[in-house]
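Thanks for coming. I will take the ligand site, then the sheet, then a pocket, and finish with two backbone details.

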Amino acid sequence: MSGDAKGKLGKHAVVLGSSMAGLLTARVLSDQFEKVTLIERDELRDDPEPRKGTPQIQHPHVLLAKGAQIMAELFPGLFEDLVAVGSTPAEMSDAAWFHSGHWLVRAKTGVIAYSQSRGLLDWKVRQRVRALPNVEVMDRCEVKGYLTTPDNTRVTGVQLHRKGEAETTLDGVDLVVDASGRGSQTPQWLEQLGYPRVPQTLIKTDVCYTSRIFHRPKNHQANWLMVAIYAEPPHGKRVGMVFPIEKDRWLVTLAGYLKDHAPTDDAGFLEYARSLARPDVYDAIKDAEPAGPIVQHKIPGSQRRHYDQMSRFPEHLVVLGDAVCSLNPLYGQGMTSAALQVMLLDKCLRNQPPGSLTGLAQRFRKQVPSVLLLPWMMAMSQDMSHPEVEGARPPGFGFMSWYTKQIMSLAAHDEDVVRSFANVQHMLKSPATLFSPGILWRVLTARPPEGNSAGVSGASHSS
Ligand SMILES: Cc1cc2nc3c(=O)[nH]c(=O)nc-3n(C[C@H](O)[C@H](O)[C@H](O)COP(=O)(O)OP(=O)(O)OC[C@H]3O[C@@H](n4cnc5c(N)ncnc54)[C@H](O)[C@@H]3O)c2cc1C
């Protein structure tokens, strides 16, 4: 590897996978390498349509405000572009949230989230990446393994396969980044190279998303732009959500924990919506015209691959995104967690000595747990509030569950609490802010919420 006169860290970096983690990685690497090759197994068309390698994009994708902030830094003007093609910016107060047995008070929080189909978001980001002069996109090309130095201590390239063609290689590469998602084959490829097995954790929740796009009824009137009815553990397992997406449509999902999954036939879908803790999702869709088929995606649970714990790991290789940590999607953290890992990579690259990548792979993998701590803890604590979810509860879990319940109870009427909660949930502020003296006092002296558990969110159809 060698840097160049313009201060680049290397000549050539390769990224596996062109979904969100891969796209953001390519953007960051384009500052540090003369050339970046983004390799994708699927054909990448210039449109927002779903593709085989990312089936999840047919389901709602909440982009947390922290993730949006990072993307806006990497791609100035991205959200203005998205709004121009139908994305809806929404304040927390635009959403009706039924959580922990009551509606959250509709407080102005200053936290803005953009609602659009995931396909639209990916398409706009992909266009930005494709426009970078030193990024080359190789689609319809599958990575089949790593090339290494003879002693296997350093990754030097990748083996490639294009359908109908003989296998080829891309060698002499300075850095390889695996952003190929939950199905990443790095664990197997490393074992074949003589490395130990990467330790893994799975918090099994057997969640299933069943989703359908609807045309938003012309006469629909509600006091929300989006609505979410959350399961109330320990008994509730069903979630229903309606999100606005481009072309004046709704993306509606019915999600169930622990194998309590929604059916994929029309009547079963509606019946499941009717069974939710509140009728708002059912009321919204019962007369709405479908704009597509019912699609389903099963997620076994949140999964971690602990590359940081391996006793040996090759140089010049980085693994990030869902390939490292694939979270229960119900908390909307996947893309933001990928963005945080990409920003960590950016920081590690900027801290390298000029023209050298030595030690980068080790430093990055050791620091990944620090950026995953918050999303992982948030997902795990909510998953584990279902008693059927197996796994040792961490010390203090009982107190944290009680505290969270108190916070959610206060959120039924206390606007300050909702503001703090929104900032934490969107990863803009540390959870420690929920323990500030003002909030702690309210938690300790709180009485059960009154009045807004039985009502409706305000949704109605005008006739
Ligand atoms: C149902 C569902 C709902 C979700 N909802 C949300 C949400 O609301 N908010 C949120 O932030 N996140 C959500 N997520 C998570 C989100 O989809 C991911 O975290 C996000 O896409 C980042 O993943 P990634 O880029 O690491 O991997 P992926 O999105 O899985 O992409 C991997 C890419 O690598 C390619 N690839 C795989 N193997 C190879 C190979 N060998 N060679 C070349 N290319 C390869 C694939 O074709 C694909 O393009 C959800 C996930 C699911 C399943």
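Let me start with Ser19: one of its polar side-chain atoms sits 2.7 Å from an oxygen atom of the ligand. Please keep in mind that this is a predicted model. Glu40 makes a similar kind of approach, with a polar side-chain atom 2.6 Å from a ligand oxygen. At Gly334 the backbone is involved: a polar backbone atom there is 3.2 Å from an oxygen atom of the ligand.

How much of the ligand's accessible area does the protein cover? On its own the ligand has 1000 Å² of accessible area, and the protein covers 95% of that. The elements that supply two or more residues to the shell are α1 (20-29), β8 (142-148), β17 (295-305) and α8 (334-350). There are 33 residues around the ligand, and those that come nearest are Ser19, Glu40, Val62, Asp322 and Met335. By type, the shell has 12 nonpolar, 14 polar and 7 charged residues.

β17 takes us to the sheet. It is an open sheet of 8 strands with mixed pairing, and its order is β5-β4-β14-β15-β16-β12-β17-β19. Why do β5 and β19 each have one side without a neighbour in the sheet? β5 (102-103) and β19 (325-326) stand at the edges and each has a single partner strand, so one side of each is left without a neighbour there.

As a reminder, strands of a sheet pair through backbone hydrogen bonds, either parallel or antiparallel. Strand β12, residues 200-215, runs antiparallel to β17, and 10 bridges join the two. You can find the register at Cys208, which stands opposite Lys298 in β17. Further along, Ser211 has Val295 in β17 as its bridge partner. β12 also pairs with β16 (residues 249-256), again in the antiparallel sense, over 8 bridges. In that pairing, Thr210 has Leu254 of β16 as its bridge partner.

Now the second largest pocket. Its space comes to about 430 Å³. It is lined by 22 residues, and the closest to its centre are Glu49, Pro50, Ser117, Ile213 and Arg249. Which elements give two or more residues to this lining? They are α4 (118-130), β12 and β16, so to speak a return to two strands we have just paired. α4 gives the most, with 4 residues. The lining divides into 11 nonpolar, 5 polar and 6 charged residues.

Last, the backbone. Most residues other than glycine have a negative phi, and most peptide bonds are trans. This model has an exception to each. The peptide bond from Pro233 to Pro234 is cis, with omega near 5°. On the map of the sheet, Pro234 lies in the loop between β14 (226-229) and β15 (238-245). The other case is Leu258, which is not a glycine but has a positive phi of about 50°. Leu258 is in the loop between β16 and α6 (266-274).

To recap the ligand site, the side chains of Ser19 and Glu40 and the backbone of Gly334 each place a polar atom by a ligand oxygen, at the distances I gave. That is the end of my part.

Key: Residues are numbered from 1 along each chain as its sequence is written. This is a predicted model: local features need pLDDT of at least 70, side-chain atom pairs count only at pLDDT 80 or more; totals for chains, interfaces and linings use all residues. Side-chain values use heavy atoms; hydrogens and water are left out. A residue is near a molecule or strand if one of its heavy atoms lies within 4 Å of it. A polar contact is a pair of N or O atoms within 3.5 Å; within protein, one must be able to donate a hydrogen and the other to accept it, and residues adjacent in sequence count only if both atoms are side-chain atoms. Accessible areas come from the Shrake-Rupley method with a 1.4 Å probe; for residues, only the protein chains shown count as cover. Ala, Val, Leu, Ile, Met, Phe, Trp, Tyr, Cys and Pro count as nonpolar, Asp, Glu, Lys and Arg as charged, and the others, Gly among them, as polar. Two strands pair if DSSP finds at least two bridges between them. On a 1 Å grid over the protein atoms alone, a cavity is a set of points where a 1.4 Å probe fits but cannot get out, and a pocket is an open set with protein on both sides within 12 Å along at least five of seven lines; lining residues have an atom within 4 Å of a point. Grid points are joined across faces, edges and corners, and a volume is the space filled by probe spheres set on the points.
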